[in-house]
Amino acid sequence: MQHDANLTADRPSFVTHLECGLTGERYEADVVHGLSSAGRPLLARYDLPGVAAALTKEALAARPRDLWRWRELLPVRDKAHIVSLGENETPLIGLEATGERLAARAPLVKDEGRLPTGSFKARGLVMAISMARAFGIRTIAMPTNGNAGAAAAAYATRAGIESVILCPEDTPDINVREIAMQGGRVWRVNGLIDDCGAIVAAGAKANGWYDLSTLKEPYRIEGKKTMGLELAEQLGWELPDAIFYPTGGGTGLIGMWKAFDELEAIGFIGPKRPRMYAVQASGCAPIVRAFEAGERHAERWEDAHTVAAGIRVPKAVGDFLILDAVRASGGKALAVGDPAILRAVEAAAADGVLLCPEGGATLAAYEQALADGEVRRDEQVVLFNCATGLKYPMPDKSRHLDRHGDIDLTAL
Ligand SMILES: *Cc1c(COP(=O)(O)O)cnc(C)c1O
């Protein structure tokens with residue numbers, strides 16, 4: 001992608017160190033890390049006064065509209081390590097018909113299905129794989145519900161890195177095939193994503209694989225946080241009233257919350273924050289259960305099931321970071337059932353938008369929050385659609401036409 005000015009400009013990263021998300025213990029940047037010694041996620045920290053002095057809104061506005069325009073706030077130091085498939089900015093689409101149906105201000109959908117590999121997992125994996133390349137990693141491994149594995153395989157292959165991808169055996173077929181087509185060695189495992197994660201951890205120890213599990217390496221979250229950076233700029237540096245985020249491992253929600261703090265620290269936004277709503281499926285809602293119980297950590301959810309495969313995560317290593325952000329924002333963790341999710345996907349079609357089931361979950365949760373008076377009808381709300389709806393099974397509603405028979409054209 002050498003044509004892209006964001007990749008070729010001489011703009012260093014301002015990373016200073018990493019920090020344990022739980023204890024604040026400091027770690028050196030630019031060396032390979034997994035979890036902290038407390039077994040918790042590491043977060044990248046930046047010289048924010050330095051960024052404030054180096055970056056203006058005007059300079060930013062003049063750059064090409066992609067993820068790399070935020071380089072000062074990203075961990076990759078040497079542009080030669082960047083592995084890009086063209087990480088474009090994603091649009092905000094107003095659901096006008098839906099707004100009318102609900103007698104509310106039209107909610108905005110941030111449509112992440114437009115990214116390479118068809119999901120926002122590209123944001124996180126382009127960063128993790130670029131860092132893996134900087135570290136000279138030869139093999140990465142990860143557990144996945146589908147979309148992350150596809151993005152990991154695509155970027156790894158492009159970087160000349162091998163990938164070993166483990167997914168639950170009932171992962172949507174299209175994802176499993178996509179991973180293989182992208183050059184990943186893909187295995188179906190008779191278990192859930194955390195069972196796959198345990199095998200990856202064992203392989204990382206035995207074979208020296210670099211473990212790219214959600215929040216077990218520090219850089220996927222740095223890629224995902226660009227959703228928050230982008231959103232702030234797209235809305236004129238004024239954050240919305242509420243964000244509904246389909247929450248599995250929670251990287252995106254935690255990342256956006258971090259992004260808002262960084263933007264405030266460099267003087268781009270004020271202290272106003274959106275209420276963050278972590279949306280889960282009622283068949284797998286560990287974060288909702290912990291939220292309602294007032295806990296800071298979430299117990300594993302047994303027998304997890306939902307049509308929204310991307311948020312079927314029974315246990316999240318960053319549970320406390322999700323719960324802290326949701327509580328600090330004045331938001332909530334909300335669960336919605338599969339029937340409501342599928343109804344929401346159908347309903348959004350009235351706006352010409354094909355949501356993925358996880359995106360449908362955010363619309364279903366928003367409708368419930370409106371009905372409960374949790375969100376006001378005049379508030380500005382952003383829903384995250386994190387993958388293209390085209391990756392998911394769709395009902396066949398076509399009918400057969402015999403071209404040799406009499407065709408009643410008025411009936412078509
Ligand atoms: C992975 C995924 C999610 C959950 O994202 P996290 O940031 O890991 O919580 C939601 N929707 C889709 C489509 C996904 O692939």
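**Figure 1. Residue classes in the lining of the largest pocket.** Nonpolar residues number 15 in the lining of the largest pocket, beside 14 polar and eight charged ones. The model shown here, as in the views that follow, is predicted. In total, 37 residues line this pocket, and the space within the pocket amounts to about 600 Å³. Nearest the centre of the pocket lie Ile193, Thr214, Gly248, Gly249 and Val313.

**Figure 2. Helices and strands around the largest pocket.** Two strands and four helices each give two or more residues to the lining of the largest pocket: strands S6 (139-143) and S10 (242-246), with helices H6 (147-159), H8 (193-207), H9 (220-224) and H11. Among these elements, H8 gives the most, with three residues.

**Figure 3. The crossing of helices H10 and H11.** Two packed helices are described by the angle between their axes and the distance between the axes. Helix H10 spans residues 226-234 and helix H11 spans residues 251-265; their axes come within 7 Å and cross at roughly 55 degrees. H10 is therefore oblique to H11. The crossing in which H10 passes H11 is right-handed. On the H10 side, the contact is made by Met227, Gly228, Leu229 and Ala232, and on the H11 side by Gly252, Met256, Ala259, Phe260 and Leu263. Seven residues of this contact of H10 with H11 are nonpolar and two are polar, while no charged residue takes part.

**Figure 4. The crossing of helices H14 and H15.** The axes of H14 (residues 338-348) and H15 (residues 357-371) come within 7 Å, with a crossing angle of roughly 95 degrees. This angle makes H14 roughly perpendicular to H15. From H14, the residues Ala340, Ile341, Ala344, Val345 and Ala348 meet Pro357, Gly360, Ala361, Leu363 and Ala364 from H15. The contact of H14 with H15 comprises nine nonpolar residues and one polar residue, with no charged residues.

**Figure 5. The crossing of helices H5 and H6.** Helix H5, formed by residues 121-134, crosses H6 at roughly 35 degrees, and the two axes come within 9 Å. H5 passes H6 in a right-handed manner. The residues of H5 that make the contact are Lys121, Ala122, Leu125, Val126, Ile129 and Arg133. Those of H6 are Asn147, Ala148, Ala151, Ala152, Tyr155, Ala156, Arg158 and Ala159. Sorted by class, the contact of H5 with H6 holds ten nonpolar, one polar and three charged residues. Helix H6 is also one of the elements that give two or more residues to the lining of the largest pocket.

How values were computed
Residues numbered from 1 in each chain as written. Predicted model: local features only at pLDDT ≥ 70, side-chain atom pairs only at ≥ 80, totals over all residues. Heavy atoms only, no water. Axes fitted to C-alpha atoms, helices over the stretch in contact; angles between N-to-C directions. Parallel < 35°, antiparallel > 145°, perpendicular 65-115°, else oblique. Left-handed = near helix turned anticlockwise from the far one by under 90°. Contact = heavy atoms within 4.5 Å. Nonpolar A, V, L, I, M, F, W, Y, C, P; charged D, E, K, R; others polar. 1 Å grid on protein atoms, 1.4 Å probe; cavity = no way out; pocket = protein on both sides within 12 Å on 5 of 7 lines; lining within 4 Å. Points joined across faces, edges and corners; volume = space filled by probe spheres on them.
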